[in-house]
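Let us go through how to read packed helices and a sheet in a model. Please look at the structure below before the dialogue starts.

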Amino acid sequence: MRSLALLAAGGEGHPSTNPLLRLTCHAVPPRILQISVKPAALLPDLFQAWFAARGWSPRAHQLALLEKAREDRSALLIAPTGAGKTLAGFLPTLVELSAQSVERGAGAKNLVSTGRSVQRAGGLHTLYISPLKALAVDIARNLERPVAEMALPIKVETRTGDTPVSRRQRQRRYPPDVLLTTPEQLALLLSSDDAPFLFSSLKRIVLDELHALVTSKRGDLLSLGLARLWRLAPQMRAIGLSATVAEPDQLARFLVPQPDGKEAAADIVVAGGAAPPVVEMLDTRERLPWAGHSARHALPEIYELIKANKTTLVFVNTRSQAEMLFQNLWSMNDDGLAIALHHGSLDVAQRRKVEDAMSAGRLRGVVCTSSLDLGVDWGDVDLVVNIGAPKGSSRLMQRIGRANHRLDEASRAVLVPANRFEVLECRVAIDAIAENAQDTPPLRQGALDVLAQHVLGCACGEPFLSDDLYREVRTAAPYADLSRQDFDDVVDFVASGGYALRTYERFARIKQDKEGRWRVANPKVRQSYRMNVGTIVEDDMLKVRLVRSRGGGQGKAGGSTGVIARGGRLLGEIEEAFIEGLSPRDTFVFSGEVVRYETLVEDQVYVSRAHDKDPKVPSYMGGKFPLSTYLAERVRRLLDDGRAWGGLPEQVRDWLSLQKDVSRVPAVRELLVESFPRANKHYLVCYPFEGRLAHQTLGMLLTRRLERARARPLGFVANEYAVAIWALGDLSFMIRDGRIDLNALFDPDMLGDDLEAWLAESALMKRTFRNCAIISGLIARRHTGEEKSRRQVLFSTDLVYDVLRKHQADHVLLRAARADAATGLLDLRRLSDMLARIHGRITHRELDHVSPLAVPVMLEIGRESVYGEAADELLAEAADELVKEAMS
């Protein structure tokens with residue numbers, strides 16, 4: 001990994017010149033500011049000499065953060081990858097601690113140089129929060145280089161789940177100057193009774209990759225931790241480090257306490273001077289598929305890109321795609337190129353081996369997922385290839401930033417669409433990047449289940465009064481609008497479980513003393529909290545071990561009989577649900593190899609090497625990204641603008657032109673609905689372009705309405721762009737004679753009683769509630785010496801869910817689950833916006849056969865159970881048949 005010294009100037013060999021030191025700071029109104037003092041006054045001689053010795057000079061935004069620190073201001077730095085923003089965040093700390101050591105005299109230097117473990121007089125000065133524990137460890141390692149080279153008497157340590165208990169205990173008694181950690185570890189530290197001592201000296205908190213933290217419940221937990229830190233250390237100032245985002249003002253609010261009834265924000269510093277990226281779309285020589293996500297048609301061209309460049313990162317959107325693509329590339333790797341695989345389910349040792357090889361420049365290509373979206377920069381990556389549609393321009397920019405991490409050199413990227421609709425998405429994503437248009441989601445409203453976890457954590461640390469904690473919580477930006485009723489309901493839930501669960505003593509986790517302060521009910525509650533803190537609810541995972549098969553028969557339990565030696569090399573972890581669907585001797589792709597499932601013993605899956613040409617590919621929950629609202633809008637505009645089709649590949653232009661002749665290409669504000677017969681069934685296809693999650697909800701609600709209209713629907717499928725429903729009833733005839741009114745069918749009132757009736761019987765709500773119950777601490781996954789199995793958790797949460805729905809429908813956890821469903825699995829807010837957008841703008845086309853635009857979504861029917869190469873072959877055959885119909 002490159003050191004922070006190298007990141008200082010945004011890349012190697014940065015000339016020792018000083019550009020115009022101008023920055024953009026957003027107050028109200030936004031204004032352009034000049035740095036008010038000379039760089040020499042901001043940067044001590046020792047630091048100037050350190051920069052100069054390497055032929056570098058500090059960037060304007062790095063000096064700007066020094067000036068903000070001197071003014072005792074919190075700041076948000078918006079900078080592209082490779083701009084040296086991590087060092088910018090630490091530079092004020094290094095300068096301040098260096099000055100303090102001079103004031104304390106040479107004694108402090110002697111203590112550090114001898115390596116003696118003693119308590120420093122200053123205590124904890126700076127806290128660094130990273131979304132990834134591996135990133136925290138890497139940053140700490142790289143921070144040690146300038147500290148050592150300038151002989152700074154600064155102690156830097158990390159604290160993650162992998163840190164030994166003895167070191168964690170020592171850090172609380174004798175804090176280092178700089179502590180690098182994660183949001184979960186911060187929550188644990190704040191729940192200890194010595195938190196006031198540990199954080200009383202805190203001067204600064206640095207929040208890295210802030211744009212990635214604030215969009216999830218981890219961001220909610222972090223914001224509540226910040227609120228507590230502002231109370232314990234009112235002198236603390238924050239520095240946020242972020243890639244470019246759509247609404248920087250919202251991020252800036254996250255960094256400072258929100259006064260009651262008002263808004264406050266940190267100063268915003270924007271780094272300039274970055275070279276625009278060079279992003280191209282592969283215009284394949286092969287026939288472009290109508291559907292699918294494998295991009296198998298472009299494999300030779302992807303391989304040639306890897307071969308033509310020094311180091312290439314090949315990004316895919318899911319772990320399943322990563323495994324399959326790596327296998328395909330490896331099978332055609334006649335040149336023996338060093339190509340590796342990296343995703344979150346691989347064993348951590350395997351991932352570190354790949355990262356180390358990348359840093360050393362020993363790899364020509366890495367097939368990876370979002371596991372490499374964030375992290376320490378690699379300067380030797382000269383090309384990023386993104387397989388499939390990017391789903392969002394901001395996410396694509398983050399990935400492109402992995403290449404050529406030098407601020408004044410352009411990053412290079414090639415987008416490889418896997419099907420025809422993805423060509424449209426790739427085209428508008430490239431246009432968005434050229435305009436520097438961002439589509440990061442807005443700041444979240446704080447989740448109530450996360451607040452419940454925080455309330456319990458506060459009680460674990462020290463007793464609290466409800467009034468005091470309510471005022472404190474509302475200083476966190478995501479909870480600034482929290483009502484007193486919601487807060488009291490959360491406290492009551494933590495204290496009793498709510499009135500529907502009040503008779504069960506195990507749900508009473510806090511109690512009030514005579515002074516009205518809330519404290520933990522017993523020591524077991526405190527222990528349970530510390531074992532279950534955090535907001536990441538992982539699916540049950542099994543360890544996969546590679547062993548040598550000796551052959552043999554099959555046992556009654558479905559595994560091999562005594563043929564597997566225990567032990568074996570750990571390959572990684574796989575979801576239990578996937579293994580449950582396998583039979584012994586089935587083959588699947590994992591960790592870049594084709595393996596044969598031998599047996600399952602407790603939480604260990606034993607596999608052996610295999611050579612099957614058609615292995616299954618594991619599927620992982622939560623692996624797919626939704627199409628962003630912003631890109632969806634741009635796709636609709638592209639379709640509506642026939643002049644813009646000239647920038648599309650010829651195959652796609654011909655497809656859209658044929659659609660225009662056969663049916664209609666939907667306008668930007670219009671919903672096109674097509675109906676046609678096929679194979680003794682009748683189909684209705686619509687094109688909202690709102691993403692798979694919203695479309696799945698729409699398909700379910702439309703099906704219920706068609707049932708009431710006696711259209712006898714049989715099922716539906718959805719992709720990112722369309723929904724297709726098939727029925728026994730003649731849908732075209734029923735629309736024609738008025739029995740099906742399309743305006744009524746798509747009326748926004750479907751999100752009322754129809755939605756509630758569906759949710760009452762939907763497994764999706766139970767799954768969402770289960771996650772909320774675990775995060776809130778109502779159901780504990782981990783206990784001392786044991787962990788609840790998936791079936792135990794399912795039984796516990798499903799039982800509670802049924803009780804609450806029957807006896808307390810407005811329970812705080814049910815409200816939390818509904819809020820999650822609205823923005824998560826069901827995407828109700830987006831669906832509601834779409835229904836409002838198309839109201840009164842529905843265009844129906846009655847056809848006698850499938851249209852060209854309908855072919856991709858029609859190919860989704862029946863695909864779920866088909867894997868690997870067989871899936872592509874069947875897809876190609878089905879596509880040929882449908883295309884012939886569409887063109888007839």
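**Helix packing and a sheet**

Q: What are the axis distance and crossing angle of helix α30 and helix α32?

A: Two packed helices are described by the angle between their axes and the distance between the axes. Here the axes of α30 (residues 763–776) and α32 (residues 812–823) come within 9 Å and cross at roughly 120°. Axes are lines fitted to C-alpha atoms, for helices over the stretch in contact, and angles run from 0 to 180 degrees between N-to-C directions. Helices (H or I, at least four residues) and strands (E, at least two) are DSSP runs, numbered from the N terminus. This is a predicted model, where local features need pLDDT of at least 70, side-chain atom pairs count only at pLDDT 80 or more, and totals for chains, interfaces and linings use all residues. Residues are numbered from 1 along each chain as its sequence is written, and side-chain values use heavy atoms, leaving out hydrogens and water.

Q: Which strands stand at the edges of the open sheet?

A: Strands of a sheet pair through backbone hydrogen bonds, either parallel or antiparallel. This open sheet has six strands in the order β10-β15-β14-β11-β13-β12, with parallel pairing (two strands pair if DSSP finds at least two bridges between them). β10 (278–281) and β12 (339–342) are at the edges, each with a single partner strand, so one side of each has no neighbour in the sheet. On average, neighbouring strands are turned by 20° against each other, direction ignored.

Q: How many bridges join β11 and β14?

A: Strands β11 (residues 312–315) and β14 (residues 383–387) pair in the parallel sense over four bridges. Leu 313 stands opposite Val 384 in β14.

Q: Which strands does helix α15 lie across?

A: Helix α15 (residues 319–331) lies across β11, β12, β13 (365–368) and β14, at about 170° to β12; contact means heavy atoms within 4.5 Å.
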